[in-house]
Every structure is written in C-alpha cells, then in structure tokens.
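This report walks through a single protein chain, beginning with its overall make-up and then turning to its interior. Please keep the sequence and the 3D view at hand while reading.

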Amino acid sequence: PGDVKARFRRAQAYQKLGRLDQAFLDAQRCAQLEPKTRAFQDLLRQLGTQIQQKTMAIVNELGMDQLCAVMGSGASTVSLAACHLLQVMFEALTEGMKREIRGKDEAILPEPSKELRSMLRHLLEMMPAPNVSGPGRDSAINLLVKQVPRKSLKNPDNSLALWVIDQGLKKILQVAGTVAELSEGPSLTENTHMSCSVLLSKLYDDLKSDKERENFNKLCEDYVQRPGLDAKLRAIQTVSVLLQGPSDVGNVTLEMSGMMDAVISLCGSEDVTHQQVAVEALIHAAGKAKRASFITANGVALLKDLYKKSENDRIRVRALVGLCKLGSAGGTDFSMKQFAEGSTLKLAKQWLCNESLPPTSRRWSVEGLAYLTFDADVKEDLVEDKSALLAMVFLALVERQEDRGAVVAQGGGKVQKLFLASGNDRLKLLVLYCGEEDERLRKAAAGTLAMLTAEQPELCTRIPGTVGRPFLIYS
C-alpha cells in the first residue's frame with residue numbers, strides 16, 4: 001500500500017484493461033502521496049478525460065431524455081436504478097475528477113460545464129412536467145441537491161447555482177406551490193415539499209453576495225404575486241415551503257402586502273384544503289420567537305377559532321400544533337402560552353395513536369408534542385406512555401411497505417453517517433427492532449437496515465458486534 005511506484009504501475013495496468021475507476025483511485029492516491037510528481041498528474045488527466053468520454057458516450061447512447069423518462073416513470077425499482085445511474089454519471093463528470101487531490105494542480109480537469117448543464121437542464125424540465133411520477137420528481141430534486149451547490153464554501157465558483165436559479169427557480173417554485181389535493185399540477189409524494197425546501201435552502205446558502213440574494217428574493221416575490229384565488233392558494237403553499245427552507249426569504253415573502261390577508265381569507269374558507277394550506281403557513285412562520293410575535297398578533301385568534309369550530313381532524317391537529325408552537329416560542333412569557341386545555345392528551349392519544357388518520361396528520365401531532373415537551377412534566381408523562389412512543393417509532397420507520405428506508409435514503413449521507421458514528425446506539429436499536437414481535441415494526445426496521453447497508457456497506461461489518469445474537473434476529 002505504501003509503495004508509490006507499484007501503485008502507479010497498477011494504475012497503468014488498470015488503464016490498459018479498461019478498468020478506469022480503479023486506475024483513477026490508484027493514480028489519485030499516488031498524487032496525494034507525491035503531489036509534485038508530474039507523471040502522476042499526467043496520468044490523472046488522461047484518466048479523467050477517458051472517464052468523461054466514457055460517461056458522455058453512455059449518455060449519448062441511451063439519451064438523457066430516455067433516462068429522465070425512465071426515472072420519472074411509476075415503476076419504483078426501475079426509477080431508482082435510473083436515478084443511481086445518473087448519480088454515477090454526475091460524479092464521473094464532477095466530483096470524481098477533483099476529490100481529495102492535493103498540490104497546486106488540485107483541480108486536475110476543468111469543470112465539464114457544457115455537458116453538466118445539459119444534464120441539469122433535463123432535471124429542471126422534469127420539475128413541472130405532468131407525466132413525471134411523484135417519486136421520479138423527488139429523485140430529480142435530490143440529484144439537484146447533491147450536484148448543484150458547492151461542496152466547500154472555500155471554492156469561490158458558485159456559477160452552477162446561479163445558472164440553476166436563473167434557468168430553473170420558477171420551475172422549482174411551481175412544484176413547491178403545488179397543492180396535492182387539487183387535481184391540477186404535477187403529482188407529488190409526502191416528501192416532495194420538504195425536498196423542495198432542502199433544494200431551495202441549498203441554492204440560497206450557495207449565494208455569495210447581497211446582489212445575488214436580492215435577485216433570489218425578487219424571483220420568489222414575483223412568483224407569488226399573481227391574481228386569483230387558486231394563485232393565492234399556491235402562493236401561500238410556496239411560502240410554507242420557503243419558510244421550511246430559506247426562512248429569511250419566506251419571512252419577507254409572507255410580509256408582502258396582501259399575503260397575510262390571503263392567509264386570513266383562506267382560514268375563513270369552508271374548503272378544508274384552503275384551511276389546511278393557511279394553517280400550515282402559520283405554523284411554519286412561527287419558527288422563531290421574533291417571528292412568533294408577528295404571528296401572535298395576526299394568527300392566534302384564527303388558529304383558536306379553527307381548533308374549536310372545525311369538524312375535520314386534519315385541520316384541528318394542525319391548529320393545535322400551531323398553538324403549541326407559538327406557546328413554546330414565548331419561553332417563560334406566560335402571556336404567550338396558547339396551549340389548548342388537554343393538548344398533550346389530544347395530540348398523544350386522539351391523533352398520534354389513531355391509525356385511521358393519514359400518516360401526515362399523525363406526524364403533525366409528533367411536531368406538536370415536540371414543543372409541548374419543553375415542559376419537563378409533559379416530557380415525563382410522554383416517556384411513560386408506551387403506546388405513544390411505539391406509534392412514533394412506526395412513523396419514524398415509515399409505515400408503507402413501498403417506502404421502507406425512504407427516511408434514511410432521503411436524508412442522504414448526513415443521516416446515514418449518523419448510523420456510522422461511534423458513541424451512539426442507533427444501529428443497535430435498528431437491529432433489535434428487526435427481532436420485535438410486531439410485524440410492521442420488524443418489516444420497517446428490516447427495510448431501513450437494507451437501505452442503510454446498501455448505501456453504507458461498511459455497516460455490514462459492524463452489525464455482528466451490535467447485539468449478542470444478530471443472526472438469530474435476522475432469521
């Protein structure tokens with residue numbers, strides 16, 4: 001392993017055999033050990049060029065249109081395979097050429113911007129396309145999250161993020177503003193809006209100057225300033241997504257003239273969908289104490305009224321969560337305590353443990369409990385409630401069979417690496433869940449574990465040491 005010349009010869013042999021990825025790893029290691037050796041740098045350039053040519057040959061042969069069509073199809077297995085192939089291609093064009101190379105020639109190859117932007121343009125066109133499935137759209141968003149922002153803020157070049165904002169921000173906002181309950185608009189999954197929030201946040205964080213941020217703000221403001229009730233409904237939904245992502249942009253957008261009036265109007269509507277969109281916007285806007293005071297002045301009465309008068313549990317649970325969130329934002333200021341009487345019992349028993357409710361509404365009850373448990377007494381009561389804790393575990397591990405492991409997969413490397421980190425029992429707990437008597441919990445845990453080990457193979461070597469008899473659990 002420490003013989004640089006032997007590794008260099010092996011890299012050359014791999015190159016002759018056409019095993020370019022292995023050749024690149026060896027040549028990269030040589031350049032790390034001796035960054036001033038010209039031969040190592042030259043070999044890296046050759047390999048980088050060959051890998052790029054091979055990648056583009058695959059793209060040209062299969063066609064980017066065809067790859068995106070497959071990824072956007074309803075067949076989940078095939079869609080994931082196409083997404084993985086595109087991920088590998090993106091890495092071959094960008095990260096693979098620059099990763100962990102030291103010396104003054106750190107960037108061995110110039111960024112292949114023409115080919116890269118062509119591929120990214122296809123992903124942006126998938127955003128509002130009506131023929132793209134919800135999971136396929138999520139995959140396109142996640143690829144953009146991984147490929148567009150700078151990997152390090154030390155890199156001064158954020159031109160790719162600026163290009164995506166210029167070419168595709170309105171398309172991303174169109175997805176963000178889609179209300180799933182309406183018949184019009186692209187199809188969504190439960191994760192689509194959150195994925196949009198992550199992408200918008202990553203793009204905004206990648207901006208370097210006030211001028212670039214002002215342009216981002218203006219594009220968002222222009223998008224939400226459209227006439228008509230349906231346009232206002234989508235505008236409020238867009239604001240909710242922005243508040244979960246680049247919250248500064250969401251706050252400014254919400255305070256625009258007429259936006260709060262639109263929220264009040266939607267809260268007073270008899271349409272459940274209108275009420276739901278408005279309530280969620282109020283909840284997301286109350287994320288910080290300085291914002292909570294603004295919402296307290298405008299929205300608490302609306303939330304209380306909806307909680308008391310609505311006959312729909314979807315609305316009532318969201319209204320109660322909003323009141324809990326506003327109350328916790330007040331800290332020790334009891335004048336801001338807006339909790340409804342019996343909030344904990346209602347959230348834990350009436351909604352969290354009610355399997356007849358959709359998972360989305362049950363997850364809202366978990367968020368409400370998160371704010372209520374700032375109170376130590378409430379926290380102690382919840383810890384002793386076995387049924388409520390078990391219900392939260394089911395939701396965390398995802399109830400639907402086709403979504404097993406999706407939470408971990410959507411979280412990407414950051415979430416997955418939590419299981420790799422030492423000093424915690426996350427992996428052990430997951431393995432133990434695989435041996436539980438409850439079938440749903442067992443299947444959910446097994447699916448998540450399968451996804452984790454596929455993405456992080458080194459976990460396989462750690463599993464036998466997590467519990468005493470892991471293979472008995474697997475059986």
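## Overall make-up

Of the 475 residues in the protein, 49% are buried, and it should be kept in mind that this is a predicted model. The protein contains 26 helices and zero strands.

The surface that the protein exposes comes to about 23800 Å², of which carbon and sulfur atoms supply 52%. When contacts between residues at least 6 apart in sequence are considered, 66% of them join residues that are at least 24 apart.

## The largest nonpolar core

In soluble globular proteins, nonpolar side chains tend to be buried together. Here the largest nonpolar core has 96 residues, and the members that touch the most other members are Met71, Leu120, Leu123, Leu203 and Phe216. The element that gives the most to this core is helix 9, which spans residues 159-176 and provides ten residues.

What does Leu203 contact once its neighbours within four places in sequence are left aside? Its partners are Val148, Ala161, Val164, Ile165, Ile172 and Phe216. Of these partners, Phe216 is itself listed among the core members that touch the most others.

## A separate core and an annotated repeat

Apart from the largest core lies another core, made up of 15 residues that include Val4, Leu20, Ala27 and Leu44.

A UniProt annotation from an unreviewed entry, "repeat: TPR", covers residues 4-37. Over residues 4-37 the model is 82% helix and 0% strand, while the C-alpha atoms at the two ends are 11 Å apart.

How values were computed. Residues numbered from 1 in each chain as written. Predicted model: local features only at pLDDT ≥ 70, side-chain atom pairs only at ≥ 80, totals over all residues. Heavy atoms only, no water. Core = buried A, V, L, I, M, F, W, Y, C linked by side-chain atoms within 4.5 Å. Buried < 20%, exposed > 50% of the residue type's maximum accessible area, 1.4 Å probe, protein only. Helix = DSSP H or I, 4+ residues; strand = E, 2+ residues; numbered from the N terminus. Contact = heavy atoms within 4.5 Å. Areas by Shrake-Rupley, 256 points an atom, 1.4 Å probe, with all protein chains shown as cover. UniProt positions renumbered as here; feature names shortened; annotations may be inferred.
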